[in-house]
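User: I should like to learn how the terms used for a structure are justified. Please set each value against its definition.

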Amino acid sequence: MKNSTWNFIVLSTLIGIFIAYSCYLYFGKGTSSSSAPHMSNLAIEGEQIWQNNNCTACHQLYGLGGYLGPDLTNVISNPQKGEIYARSFLNSGVKSMPKFDFTEQEKDALIAFFAHVDATGYYPNQYAEFSKDGWVKIKYK
Ligand code: HEC
């Protein structure tokens, strides 16, 4: 076989494998894009409000953000807090948190965003297991 024909066969095979593997990763089960919880339009709107009002200047999600206010990762599922509790801060503000004058729809959106974040995991992850060989098993929701 001629050298150029051989090069062509090898190159097309590699390109074929590359395309097939890319499709497998992109569409395959178990990739982060297919297993991540679906974000509703309301939650997306809430995320936008969260960003536009710079809530993260004072609050954290998964421990990241400003430290004047508390972490809000699990504010919805926390048995001592929850949706009504979180909403009351949005209704009235407190001395150390401004009142934002959100509409009911905007408050719903923020609560939907918090519920979405809450469904992704725990922070701090007190359910993590530490094994003797130095590895940590993180618990996911
Ligand atoms: C200037 C800082 C500041 C900003 C900006 C701010 N907050 Fe707060 N927030 C606080 C503080 C401080 C508290 C705790 C107040 C308390 O418990 O007395 C709080 C409490 C909360 C709580 C109750 C949480 C809990 O676990 O007790 C929620 C929910 C909340 N804020 C949502 C928001 C949202 C949504 C925004 C953006 C629209 C926002 N905050 C912007 C300072 C802020």
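Analyst: A definition comes first: a pocket's volume is the space filled by probe spheres set on its grid points. The model discussed here is predicted. By that definition, the second largest pocket holds about 230 Å³ of space.

User: What makes a residue part of the lining of the second largest pocket, and which residues lie nearest its centre?

Analyst: A lining residue must have an atom within 4 Å of a grid point of the pocket. In the second largest pocket 13 residues line the space, and Asn 74, Asn 78, Tyr 123, Pro 124 and Gln 126 lie nearest its centre. The classes in this lining are six nonpolar, five polar and two charged residues.

User: What is notable about the peptide bond from Tyr 123 to Pro 124?

Analyst: That bond is cis, and its omega is near -10°. Pro 124 itself is placed in the loop between α5 and β3 (129-130).

User: How much space lies in the largest pocket, and which elements give two or more residues to its lining?

Analyst: The space in the largest pocket is about 420 Å³. Two or more lining residues come from each of α4 and α5, and α4 provides the largest share, four residues. The lining has 24 residues, with His 59, Pro 70, Leu 72, Phe 89 and Met 97 nearest the centre. By class, 18 are nonpolar, five polar and one charged.

User: Why can one say that the ligand sits in the largest pocket?

Analyst: The term requires more than half of a molecule's atoms to lie within 2 Å of the pocket's grid points. The ligand is assigned to the largest pocket, and therefore it meets that condition.

User: Which residues come nearest to the ligand?

Analyst: There are 22 residues around the ligand, and Cys 55, Cys 58, His 59, Tyr 85 and Met 97 come nearest. This shell divides into 17 nonpolar, four polar and one charged residues. Both α4 (83-92) and α5 (104-118) supply at least two of the shell residues; the largest share, four residues, belongs to α4.

User: Why do His 59, Lys 81 and Tyr 85 count as making polar contacts with the ligand?

Analyst: The cut-off for a pair of N or O atoms is 3.5 Å. A polar side-chain atom of His 59 is 2.8 Å from a nitrogen atom of the ligand. For Lys 81, the distance from a polar side-chain atom to a ligand oxygen atom is 2.7 Å. Tyr 85 also has a polar side-chain atom 2.7 Å from an oxygen atom of the ligand. Each distance is within 3.5 Å, so each pair is a polar contact.

User: Why are Tyr 21 and Tyr 24 called a stacked aromatic pair?

Analyst: The structure holds nine aromatic pairs. In the pair of Tyr 21 and Tyr 24, the centres are 6.1 Å apart and the planes differ by 25°. The centres lie within 6.5 Å, so the rings pair, and the angle is under 30 degrees, so the pair counts as stacked. Both residues belong to helix α1 (residues 3-27), three residues apart, about one turn of the helix.

User: What is particular about the phi of Asn 54, and where does Asn 54 lie?

Analyst: Asn 54 has a positive phi of about 55°, although it is not a glycine. Asn 54 is in the loop between α3 (41-52) and β1 (60-61).

Technical notes
Residues numbered from 1 in each chain as written. Predicted model: local features only at pLDDT ≥ 70, side-chain atom pairs only at ≥ 80, totals over all residues. Heavy atoms only, no water. Near = heavy atom within 4 Å. Polar contact = N/O pair within 3.5 Å; in protein donor to acceptor, adjacent residues only side chain to side chain. 1 Å grid on protein atoms, 1.4 Å probe; cavity = no way out; pocket = protein on both sides within 12 Å on 5 of 7 lines; lining within 4 Å. Nonpolar A, V, L, I, M, F, W, Y, C, P; charged D, E, K, R; others polar. Phe/Tyr/Trp six-rings, centres within 6.5 Å; stacked < 30°, edge-to-face > 60°.
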